[in-house]
Amino acid sequence: VSLINTGIRHPSSVMKNVIPVVMAGVIGIYGLIIAVILAESIPKPNVDSRENSYSIYTGMAHLCAGLCCGLSGLAAGGCIGIVGEYGVRCVGYRASNITLFPSKPESSGYSSVPDQDIGGDIEDLSGSDDQNKLFVGMLIMLIFSEALALYGLIVALIVSQHSYTCGET
């Protein structure tokens with residue numbers, strides 16, 4: 001919702017604000033990687049004797065690996081959703097020169113754009129420095145949120161390698 005709102009108000013910043021959507025998609029890929037690894041490590045039962053070599057220990061290790069990746073992805077997705085929503089809104093508000101506090105338009109941290117050209121050498125009053133600071137802050141929070149899912153993926157890869165085959169001595 002905030003991406004569309006920002007795109008309507010400030011179309012040039014849409015591609016920069018798609019980053020949270022892409023990062024959320026990467027978390028889904030982490031789950032797909034674990035699902036493929038776990039599915040390939042499940043052995044087929046012996047057809048002749050109908051004996052299953054897939055032990056409860058291996059099943060629990062696979063369950064724990066899936067839960068580890070899934071729950072860390074859920075936490076990271078929640079963080080990315082919240083940071084992305086408010087980060088995109090703030091960058092969009094700053095780019096559109098919409099003040100969040102209309103009663104104090106000249107409060108510190110917000111530069112005002114003059115209605116007419118005064119002339120002379122005036123520095124950039126559009127607040128692009130503030131907008132870039134907001135974007136960098138949002139990006140850093142998104143990266144650390146993505147790290148939560150990456151840690152879950154690493155732990156899930158380690159846990160999924162634990163196995164015990166039935167019938168071993």
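Student: Before we look at A76, what does buried mean here?
Tutor: A residue is called buried when its relative accessible area is under 20%, and exposed when that value is over 50%. Please bear in mind that this is a predicted model.

Student: Fine. Then is A76 buried or exposed?
Tutor: A76 is buried, because its relative accessibility is 0%. This residue is found in helix α3.

Student: What is A76 in contact with, beyond its neighbours within four places in sequence?
Tutor: With those neighbours set aside, A76 is in contact with I27, S145, L148 and A149. In addition, the C-alpha atoms of A76 and E146 are separated by 5.8 Å, although the two residues are 70 residues apart along the chain.

Student: And G84, where is that?
Tutor: G84 also has its place in helix α3. G84 counts as buried because its relative accessibility is 6%. Its C-alpha atom is separated from that of M138 by 7.3 Å, with the two positions 54 residues apart along the chain.

Student: Moving on to the core: how many residues does the largest nonpolar core have?
Tutor: The largest nonpolar core has 18 residues, and those with the most contacts inside it are I34, M138 and L142. The elements that give two or more residues to this core are α2, α3 (56-95) and α4 (128-160).

Student: Which element gives the most?
Tutor: Helix α3 does, with seven residues.

Student: Why would nonpolar side chains gather like that?
Tutor: As a general tendency, nonpolar side chains in soluble globular proteins tend to be buried together.

Student: What is I34 in contact with, leaving aside neighbours within four places?
Tutor: I34 is in contact with A65, G66 and C69, and also with L153, A156 and L157.

Student: Now the surface. Which residues make the nonpolar patch?
Tutor: The patch is made by I56, M60, L63, L67, L71 and L74, and its area is about 660 Å².

Student: Take L71 from that list: buried or exposed?
Tutor: L71 is exposed, because its relative accessibility is 54% and the cut-off for exposed is over 50%. L71 lies in helix α3, the helix that also holds the buried A76.

Student: Last one, S13. Where does it lie?
Tutor: S13 lies in the loop between α1 (2-9) and α2 (19-40). S13 is buried, because its relative accessible area is 2%.

Student: How is S13 placed relative to V88?
Tutor: The C-alpha atoms of S13 and V88 are separated by 9.3 Å, while the residues themselves are 75 residues apart along the chain.

Technical notes: Residues are numbered from 1 along each chain as its sequence is written. This is a predicted model: local features need pLDDT of at least 70, side-chain atom pairs count only at pLDDT 80 or more; totals for chains, interfaces and linings use all residues. Side-chain values use heavy atoms; hydrogens and water are left out. Helices (H or I, at least four residues) and strands (E, at least two) are DSSP runs, numbered from the N terminus. Buried means under 20% relative accessible area, exposed over 50%, partly exposed in between (1.4 Å probe, protein chains only). A nonpolar core is a set of buried Ala, Val, Leu, Ile, Met, Phe, Trp, Tyr and Cys residues joined through side-chain atoms within 4.5 Å. Contact means heavy atoms within 4.5 Å. Patches are made of residues with over 30% relative accessible area and no salt bridge: like charges are joined within 9 Å, nonpolar side chains (Val, Leu, Ile, Met, Phe, Trp, Tyr) within 5 Å. Accessible areas come from the Shrake-Rupley method with a 1.4 Å probe; for residues, only the protein chains shown count as cover. A salt bridge is a side-chain nitrogen of Lys or Arg within 4 Å of a carboxyl oxygen of Asp or Glu.
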